[in-house]
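The following note sets out numbered remarks on the model for a colleague's consideration. The remarks proceed from the chain as a whole to individual residues.

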Amino acid sequence: MTNETTTTTQDVSVTTSEIQNAIKAMNGKELLAFFRRYKDRTKEDASRISFMTEHLISMEKESGSTVTVDGTVKSLADGENELELSSIANRVEDSKTLAVWEEMHKWFLDGDLVEFWEVDIESMRINEETQKEEYKVNYFQGYLTSFEMSAAADANVELKYTLAINGNGIWGHWDTLSENQKLAVKGVQYAYHTLSKETDI
């Protein structure tokens, strides 16, 4: 009696278009910055800063060396980590409400501990347990160490901030957004208005 073994070979091929769909370059517009004064964490949601033009998170490691009889031994320690952010100043319609940048200026003057979230708005997923939308977030705490306002006569008012980060932050956490924060995310683009005359309801 002869035992025969049949081997089936499956040809798996990946097209260039499939690779391009799987790998997508990130755009700076997809990363939004939210801030809150730490002492307000039980009273207020974090707020998105409007008209942000750029933000930079820089992290450093300090190296040291010790000479031994067997050669030099290297060591690493955490260095200074900071956030640099620039934006365009904006006004708010409610004269009793401060714009986020005005609040940040006050936090800078008062030396308040500040929370900062970097939210990837393209990372949205549905949590299988809660069925809520979640976004990938990097979270930091620190102190605003510099504030700069540039007001050229023929240009927008530009703002620059520096936040000295405590520790290394928390990277790749998943978090939900409040309804107001979702509206702020949608506010990155203006709303559609109909061709016909609009009437107030």
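1. In this predicted model, residues 24 or more positions apart account for 64% of the contacts in the chain with a separation of 6 or more. The chain holds three helices and 10 strands, and from the N terminus on its elements are ordered α-β-β-β-β-β-β-α-β-β-β-β-α. Of its 201 residues, 27% count as buried.

2. The largest nonpolar core comprises 19 residues, and those with the most contacts inside it are F35, I49, M104, F116, L144 and Y161. Two or more residues of this core come from each of β1, β6, α2, β7, β8 and β9. I49 may serve as an entry point for inspection: beyond its sequence neighbours up to four places away, I49 touches A33, F35, L85, S87, V100, M104 and Y161. A second core, separate from the one just described, has 11 residues, among them A46, V119, Y135 and V137.

3. Helix α2 deserves a paragraph of its own. Its residues V100, W101, M104 and W107 are buried. Viewed down the axis of α2, the buried residues fall within an arc of 110°, and therefore they line one face of the helix. The general background is that an α-helix has 3.6 residues a turn, so residues three or four places apart point the same way. The cover over the buried residues of α2 includes β1, β2 (47-48), β7, β8 and β9 (157-165). After α2 comes G111, with a positive phi near 65°.

4. The aromatic residues merit separate review. The count of aromatic pairs comes to six. One of them joins F35 and F116 in a stacked arrangement, with 5.1 Å centre to centre and 25° between the planes. This pair links distant parts of the chain, since F35 belongs to strand β1 (residues 31-37) and F116 to strand β7 (residues 113-126), 81 residues apart. F35 and F116 are both buried. A further pair, W117 with Y139, is tilted, at 5.2 Å centre to centre and 45° between the planes. Here too distant parts of the chain are linked: W117 is in strand β7 and Y139 in strand β8 (residues 133-151), 22 residues apart. W117 and Y139 are likewise buried. Why is the F35 and F116 pair called stacked, but the W117 and Y139 pair tilted? Planes under 30 degrees apart count as stacked and those over 60 as edge-to-face, with the rest tilted; the angle is 25° for F35 and F116, and 45° for W117 and Y139.

5. Which residues form one aromatic cluster? The members are F35, F116, F140 and W171. F35 and F116 thus appear in this cluster and also among the residues with the most contacts inside the largest nonpolar core.

6. Two arginine side chains lie over aromatic faces. R41 is placed over the face of Y38, at 4.0 Å from the ring centre. R125 is placed over the face of W174, at 3.7 Å from the ring centre.

7. Strand β4 (residues 61-68) and strand β5 (residues 71-78) run antiparallel and are joined by eight bridges. The two strands form a hairpin with two residues between them. K61 has D78 in β5 as its bridge partner.

8. Is N90 buried or exposed? With a relative accessible area of 17%, N90 is buried, because buried means under 20% relative accessible area. N90 is located in the loop between β6 (81-88) and α2 (100-110). Leaving aside residues up to four places away in sequence, N90 touches S50, F51, A99 and W101; W101 is one of the buried residues of α2.

9. Two backbone angles should be checked. Most residues other than glycine have a negative phi. F51, although not a glycine, has a positive phi of about 55°; F51 lies in the loop between β2 and β3 (52-58), and at 54% relative accessibility F51 counts as exposed. Q131 is not a glycine either, and its phi is positive at about 60°. Q131 lies in the loop between β7 and β8 and, at 55% relative accessibility, counts as exposed.

Technical notes. Residues numbered from 1 in each chain as written. Predicted model: local features only at pLDDT ≥ 70, side-chain atom pairs only at ≥ 80, totals over all residues. Heavy atoms only, no water. Phe/Tyr/Trp six-rings, centres within 6.5 Å; stacked < 30°, edge-to-face > 60°. Helix = DSSP H or I, 4+ residues; strand = E, 2+ residues; numbered from the N terminus. Buried < 20%, exposed > 50% of the residue type's maximum accessible area, 1.4 Å probe, protein only. Lys NZ or Arg CZ within 6 Å of the ring centre and 35° of its normal. Contact = heavy atoms within 4.5 Å. Arc of directions from axis to C-beta. Pairing = 2+ DSSP bridges. Core = buried A, V, L, I, M, F, W, Y, C linked by side-chain atoms within 4.5 Å.
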